[in-house]
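Student: I would like a close look at one part of this model, with the reasoning kept in view. Please take the charged pairs as the starting point and work outward from there.

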Amino acid sequence: MLREPLTIQRKLAVSDGMGGQAIQWIGLTTVRAYVKPLSGREAVQAMQLQASITHRIYMRYKADLTPADRLVMRGQPLQIRSVINVEMRNRWLELACDAGVAT
């Protein structure tokens, strides 16, 4: 059932060469997961219409995965909203994610 390849990315502040910092998303690894689309919705934020699709994702346990990370599926970033260690057995993670949300 783990059919979908997902890239885990982590936000990293890098020097912009002018004394400041720029944010970049760095790919850490690729994992396989079961992705279940749940719903679609649209929200108005800062006078702009933004579409968001909520996904439930199941993958093998990774101790260092947090909501500060993100996933990329088929070129589309997914913001991780929650990470649940299923049954607290360190075997599976259940992730709630949003697509199309600027982070």
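Student: How many salt bridges does a search of the whole structure find?

Tutor: The search of the whole structure returns six salt bridges. The model is a predicted one, with a chain average pLDDT of 88 and 82% of the residues scoring at least 70. Confidence varies by element: E3 has the lowest mean pLDDT, 78, and E4 the highest, 96.

Take the pair of Arg 74 and Glu 4. Their closest N and O atoms are 3.0 Å apart. This salt bridge links distant parts of the chain, since Arg 74 sits in the loop between E4 and E5 while Glu 4 belongs to strand E1, 70 residues apart. The two ends differ in exposure. Arg 74 has a relative accessible area of 71%, so it is classed as exposed. Glu 4 has a relative accessible area of 13% and is therefore buried, because the limit for that class is under 20%. Arg 74 is also notable for its backbone: its phi is positive, about 55°, although the residue is not a glycine. As background, most residues other than glycine have a negative phi.

The next pair also starts from strand E1. Arg 10 forms a salt bridge with Asp 69, with 2.7 Å between the closest N and O atoms. Arg 10 is in strand E1 and Asp 69 is in the loop between E3 and E4, so this salt bridge ties together parts that lie 59 residues apart in sequence. Asp 69 is buried, at a relative accessible area of 1%. Arg 10, at 29%, is partly exposed, because that value falls between the 20% limit for buried and the 50% limit for exposed.

The third pair is Glu 94 with Arg 56, whose side chains meet in a salt bridge at 3.5 Å, N to O. Glu 94 lies in strand E6 and Arg 56 in strand E3, so parts 38 residues apart in sequence are tied together by this pair. Glu 94 has a relative accessible area of 18% and so counts as buried. Arg 56 is partly exposed, with a relative accessible area of 24%. Elsewhere, salt bridges with shared partners join Arg 10, Asp 64 and Asp 69 into one network.

Glu 94 leads on to its surroundings. Leaving out residues up to four places away in sequence, Glu 94 touches Arg 56, Ile 57, Tyr 58, Ser 82, Val 83, Ile 84 and Val 86. The strand that holds Glu 94, E6, is mostly covered, with seven of its eight residues buried.

E6 is paired with E5. The two strands run antiparallel and are joined by seven bridges. Within this pairing, Ser 82 stands opposite Ala 96 in E6. E5 and E6 form a hairpin with six residues between them, and Glu 87 in the turn has a positive phi of about 55°. Met 88, in the loop between E5 and E6, likewise has a positive phi of about 55° although it is not a glycine. Met 88 has a relative accessible area of 68%, so it counts as exposed.

That leaves the nonpolar side of the picture. The largest nonpolar core has 16 residues, and those touching the most other members are Leu 6, Ile 57, Met 59, Leu 71 and Leu 95. At least two residues of this core come from each of strands E1 (4-15), E2 (21-45), E3 (48-60), E4 (70-73), E5 (76-85) and E6 (92-99). E6 gives the most, with four residues.

Leu 95 shows what such a core residue touches. Not counting residues up to four places away in sequence, its contacts are His 55, Arg 56, Ile 57, Met 59, Leu 65, Leu 71, Ser 82 and Val 83. Arg 56 is thus a contact of Leu 95 and also the salt-bridge partner of Glu 94. Ser 82 appears among the contacts of Leu 95 and among those of Glu 94, and it is the residue opposite Ala 96.

In short, strand E6 holds Glu 94, pairs with E5 through seven bridges, and supplies four residues to the largest nonpolar core.

Note on methods: Residues are numbered from 1 along each chain as its sequence is written. This is a predicted model: local features need pLDDT of at least 70, side-chain atom pairs count only at pLDDT 80 or more; totals for chains, interfaces and linings use all residues. Side-chain values use heavy atoms; hydrogens and water are left out. A nonpolar core is a set of buried Ala, Val, Leu, Ile, Met, Phe, Trp, Tyr and Cys residues joined through side-chain atoms within 4.5 Å. Buried means under 20% relative accessible area, exposed over 50%, partly exposed in between (1.4 Å probe, protein chains only). Contact means heavy atoms within 4.5 Å. pLDDT is the predictor's confidence in each residue, from 0 to 100. A salt bridge is a side-chain nitrogen of Lys or Arg within 4 Å of a carboxyl oxygen of Asp or Glu. Two strands pair if DSSP finds at least two bridges between them.
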